[in-house]
Amino acid sequence: MLDMTVKLAGVALKDPVVVASGTFGFGREYSQFYDLGELGGICAKGLTLHPRNGNPAPRIAETPMGILNSVGLENPGVDAFIAEELPFLRQFDTKVIANISGNTPEEYGIMCEKLSAAGVDMIEVNISCPNVKAGGMAYGTRPDLAAEVTETAKKNAGNVPVMVKLSPNVTDITEIAKAAEGAGADALSLINTIRGMRIDVDTRRPVLKMNTGGLSGPAVLPVAVRMVWEVSQAVSLPILGMGGVAKGEDAAQLMLAGATAVAVGTAMFADPYAPLKVRDGLADIAERQGLSAVSELTGGAKPW
Amino acid sequence: MVLAVGDMVRTSGVRPGQFVHIKCGEGTLLRRPISICEWTESREGDTLTIVFEVRGEGTAWLARRPAGHTADVLGPLGNGFAIDREGRYLLVGGGIGVPPMLGCARYTGGTSTAILGFRSKDKTILLDEFGGDCNDVQIATDDGSLGYHGFVDALVRQELGRDRSYDAVLACGPKPMLKSVAKVAAESNVPCQVSMEERMGCGVGACLVCATPMRDGTVKHVCKDGPVFDAEEVDWDA
């Protein structure tokens, strides 16, 4: 019997497949398709201290084996999440990971305090969202700022583990990873979307109203595998790997590269059942290889 | 295109204005949202009819499917028009916004009036079907090759000038058309519902990409909150 459980920063997941923030809302929609208790965990839609309407539409553009999005952190705010969404998510036998973005370290601190008091299983600190002009990007691209935010989050999160979500839009992602580790992060998640652009050749207008957006989907998988591999060698923190996972083999690649668990996101737009299929596909691979625990895959890549 | 959908209509119910989200092969990542034109239910199997325009790779793939092909269809999705079978409605469709209005016509059993707009005579669709399911059908074309030479809002103004007893104006089409129709309906004090279009991702309300601004300053999502909205709640100037 294959053991599918993994531990991510001390949090026991029944299996290593979680859903990625921003692709699953607060779970209500996909709960019509299956029991959310089937999932290892849920990274909830990104929260800010105050409600946000997000960016003007079009917010999505299809690209070769990927999509660009520029949602712009539309969310009801951390208080509404705690009052209305968290009780809903808590009905299910799965781990709830809140995702937060702030304009200042203080905002991250306040949100961590509120979420810790409300009781979430983990807090994912988004320092990499490329969509908000005033926020995110800068923290994720400078080691000192990443460290400052991580430290503030840790100080206010109580016993709740803090996972820092890294941006791939940097020259050397290991520099940021090391800074987050040094500041006390309990785990890292990567990669967030890669900045991209698509232009309509007839109108000569970018398809996205914000001109540029974040690329996700199968097109980014090899970048994610490479970055997880680099980061896993640079730090000793557990990693939640994500970026283009659509099947078991993709998840296995990220785990072999060093991820403890993986997140499925964009694949859900084509198939709401994608996370369950990824989980089953991953189990098939582990069984075929005669493993007794899926966690044996983590860091198992044998580089030349 | 007619889709055999098993017991979908009997188990989920379908309202005019709802849509299905169709996976169009392996070459495109996202599903394609297509409005339901009409539907049938029977013990032998339910059907949905969709009428769509080939706009890109995905819809081109779908149009090439041979009879008997199996497709991955998610639906029925969204909220349709709020209408009563006994009601009397002014149905307004523009271009590829015409097909869902046929579902409204059928639902109300021939008592409604349809005003349909097309670019030109050779772009018209479903005219016979509307003729059979409405008590009156008026056509407008942008180039005047059939019916009224101009946009549908002029015909809507004329019709509502003659008869304001419609329970509501129901409209589907491009946003500028919906804006004009909503304005005319408001001036005539006739309630108006509009079916909006926006680029979609998941189709179920999770990814939040199909945002459309509301007059109260909030944002709603076409796939889950719509595609049909009360014209008065929409921020037409955004």
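Which domains does the domain assignment of chain B give? I'll take that in point 1 and then work through the rest; bear in mind that this is a predicted model.

1. **Domains of chain B.** The assignment gives domain 1 as 2-77 and domain 2 as 89-230. Measure from one C-alpha centre to the other and you get 21 Å between domain 1 of chain B and domain 2 of chain B. Their contact draws 15 residues from domain 1 and 18 residues from domain 2.

2. **What domain 1 of chain B brings to that contact.** On the side that touches domain 2, at least two residues come from each of β2 (19-23), β3 (32-40) and β5 (72-77) of chain B. β3(B) has the largest share, with five residues. By class, this side of domain 1 holds nine nonpolar, three polar and three charged residues.

3. **Overall build of chain B.** You'll find six helices and 14 strands in chain B. Its C-alpha atoms fill a box of roughly 50 × 40 × 35 Å along the principal axes. For 238 residues a compact globule would come out near 18 Å in radius of gyration, and the 17 Å of chain B agrees with that.

4. **Overall build of chain A.** Chain A has nine helices and 14 strands. Its radius of gyration is 18 Å, where the globule rule gives 19 Å for 304 residues, so chain A is as compact as a globular protein of that length. Along the principal axes, the C-alpha trace of chain A spans about 50 × 50 × 40 Å.

5. **Where the chains meet.** Chain B puts 19 residues in contact with 22 residues of chain A. On the chain B side, these split into 11 nonpolar, four polar and four charged.

6. **α4 and α5 of chain A.** Helix α4 (residues 143-156) and helix α5 (residues 173-182) of chain A have axes that come within 8 Å and cross at roughly 30°. That angle is under 35 degrees, so α4(A) counts as roughly parallel to α5(A). The crossing is right-handed. From α4(A), the contact uses Pro143(A), Ala146(A), Ala147(A) and Thr150(A), while α5(A) answers with Glu175(A), Ile176(A), Ala179(A), Ala180(A) and Gly182(A). Sorted by class, that is six nonpolar, two polar and one charged.

7. **α6 and α7 of chain A.** Next along is helix α6 (residues 221-234) of chain A, whose axis comes within 8 Å of that of α7(A), crossing at roughly 20°. This makes α6(A) roughly parallel to α7(A), and the crossing is right-handed. On the α6(A) side the contact is made by Leu221(A), Ala224(A), Val225(A), Val228(A), Trp229(A) and Ser232(A). On the α7(A) side the residues are Asp250(A), Gln253(A), Leu254(A) and Ala257(A). The class split here is seven nonpolar, two polar and one charged.

8. **α7 again, now with α9.** Helix α7 (residues 248-257) of chain A also meets helix α9 (residues 274-288) of chain A, with axes within 7 Å and a crossing of roughly 65°. Since 65 to 115 degrees counts as roughly perpendicular, that is the label for α7(A) against α9(A). The crossing is right-handed. α7(A) uses Gly248(A), Glu249(A), Ala251(A) and Ala252(A) in this contact. α9(A) supplies Val278(A), Asp280(A), Gly281(A), Leu282(A), Asp284(A) and Ile285(A). The contact residues divide into five nonpolar, two polar and three charged.

9. **Cis peptide bonds.** Which one would I look at in chain A? The bond from Leu190(A) to Ile191(A) is cis, with omega near 10°. Ile191(A) sits in the loop between β10 (187-190) and β11 (194-197) of chain A. In chain B, Gly226(B) and Pro227(B) are joined by a cis peptide bond with omega about 5°. Pro227(B) belongs to the loop between β13 (219-221) and β14 (228-230) of chain B.

10. **A positive phi.** Ala9(A) has phi near 50°, which is a positive value in a residue other than glycine. You'll find Ala9(A) in the loop between β1 (6-8) and β2 (11-13) of chain A.

Key: Residues numbered from 1 in each chain as written. Chains lettered and ligands numbered in written order. Predicted model: local features only at pLDDT ≥ 70, side-chain atom pairs only at ≥ 80, totals over all residues. Axes fitted to C-alpha atoms, helices over the stretch in contact; angles between N-to-C directions. Helix = DSSP H or I, 4+ residues; strand = E, 2+ residues; numbered from the N terminus. Parallel < 35°, antiparallel > 145°, perpendicular 65-115°, else oblique. Left-handed = near helix turned anticlockwise from the far one by under 90°. Contact = placed C-beta atoms within 7 Å. Nonpolar A, V, L, I, M, F, W, Y, C, P; charged D, E, K, R; others polar. Domains from an automatic or database assignment. Rg over C-alpha atoms; globule rule 2.2 N^0.38 Å.
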